[in-house]
Amino acid sequence: PPRLSNQQEQQIEEWLDRSPREAGYQHSNWTLKLLFHHINKVFHKQFSLTRIWQIIRKLGFATVRPRHRSIVPNQEKKIRAAKCIIRLLKKAREGRFRLFYLDETMASMWATLSRMWVRRGTRPEIPMGDNHEGLVVFSAADPIKGRVHYHIAEKPNQNEMVAFLKQMRQRYPHERLLFILDNARPHIAQMVRQFARADGNMYLVYLPKYTSLELNAIERLFKWFRRVVTHNYYFENIKQLKHAIQSFFRLVS
């Protein structure tokens, strides 16, 4: 007789349709060994890994490579945020405060690849070392005055975010500052919010989730940054990369 009932097989199907994280495991994908362990834990039955594989195949499962799917933001929230930004830009033009689009991007020692001009019949090869180091670049752009500010850090954490806000306050000691930014962890950290509140003249306006690419104009600057700095070029050390970042921002500031 079958060692698994129809109800138990249905339960295995439900597990496989979900991530093992929902079952309490620190794994993103099911493996034969993990499923073996879970079946033994829940049903108190042991099978060989080959038998586990046969059960999975019988239930209609196979291994495939998934594809990415863009997360669609809430359209109503997106429209409200866009209208809010238009109002803020109008007030910034009237001189009520200084407005900045703020975000950070990663600059890695590994070159990003893009199309480039080469001799016909040739295909350049960009070196790749075993150095996985990189730098984080915080930047704030003023769309009214055209000024760009930046802060280079080793990690994108709340401490560096506060350091950048302090830098902005030192640059504009008496002005009201308003920053448009997304909901990344360094941006919404309690330390960051407390710093803005304690300043008393600094405001953080958070965009709805998954709308930063369309509503945060600094993404256009970062696209240019990658094209100028990291595309198709191998930096031998972190010092060279840092110098290239500084040169870019001297160009656009």
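Helices of at least four residues and strands of at least two are runs assigned by DSSP, and they are numbered from the N terminus. With that naming in hand, we can walk through this protein chain, which is a predicted model. Our starting point is Tyr210, found in the loop between strand β5 (residues 202-206) and helix α8. Tyr210 has a relative accessible area of 51%. It counts as exposed because that value is over the 50% cut-off. The backbone here deserves a look too: phi of Tyr210 is near 65°, a positive value in a residue other than glycine. Most residues other than glycine have a negative phi.

Let us step back and see the whole chain. Its secondary structure amounts to 10 helices and five strands. How wide does the C-alpha trace of the protein chain span along its principal axes? The answer is about 80 × 50 × 30 Å. The radius of gyration is 25 Å, while a compact globule of 253 residues would have one near 18 Å. Of the contacts with a separation of 6 or more, 64% link residues that are 24 or more positions apart.

Now for the surface and the interior. Buried residues make up 36% of the 253 residues. The accessible surface comes to about 17300 Å², and carbon and sulfur atoms account for 50% of that. The chain carries 44 positive and 21 negative charges, and the mean positions of these two groups are 3 Å apart.

How far can we trust the picture? The average pLDDT of the chain is 93, and 99% of the residues score at least 70. Among the elements, strand β4 (residues 177-181) has the highest mean pLDDT, at 98, and helix α8 (residues 212-215) has the lowest, at 93. Where pLDDT is low, predicted coordinates should not be read in detail.

With the overview done, let us visit some single residues. Is His187 buried or exposed? His187 sits in helix α6 (residues 185-188), and it is buried because its relative accessible area of 0% falls under the 20% cut-off. Leaving aside residues up to four places away in sequence, His187 touches Leu102, Asp103, Glu104, Met161, Leu181, Asp182, Val192 and Tyr206.

Another histidine, His44, is found in the loop between α2 (32-43) and α3 (49-58). His44 is exposed, with a relative accessible area of 66%. Phi of His44 is near 60°, which is a positive value in a residue other than glycine.

Next comes Ile152, whose place is in strand β3 (residues 148-153). Ile152 has a relative accessibility of 19%, so it counts as buried under the 20% cut-off. Its contacts, not counting residues up to four places away in sequence, are Leu135, Val136, Lys242, Ile245 and Gln246. Tyr172 is 20 residues from Ile152 along the chain, and their C-alpha atoms are separated by 19 Å.

Our last stop is Pro173, in the loop between α5 (158-171) and β4. Its relative accessible area of 48% makes Pro173 partly exposed. How far apart in space are Pro173 and Asn201, C-alpha to C-alpha? These two residues are 28 residues apart in sequence, and the distance between their C-alpha atoms is 9.9 Å.

Conventions. Residues numbered from 1 in each chain as written. Predicted model: local features only at pLDDT ≥ 70, side-chain atom pairs only at ≥ 80, totals over all residues. Heavy atoms only, no water. Rg over C-alpha atoms; globule rule 2.2 N^0.38 Å. Buried < 20%, exposed > 50% of the residue type's maximum accessible area, 1.4 Å probe, protein only. Contact = heavy atoms within 4.5 Å. Areas by Shrake-Rupley, 256 points an atom, 1.4 Å probe, with all protein chains shown as cover. Lys, Arg positive; Asp, Glu negative; His and termini not counted. Charge placed at Lys NZ, Arg CZ, Asp CG, Glu CD. pLDDT = per-residue confidence, 0-100.
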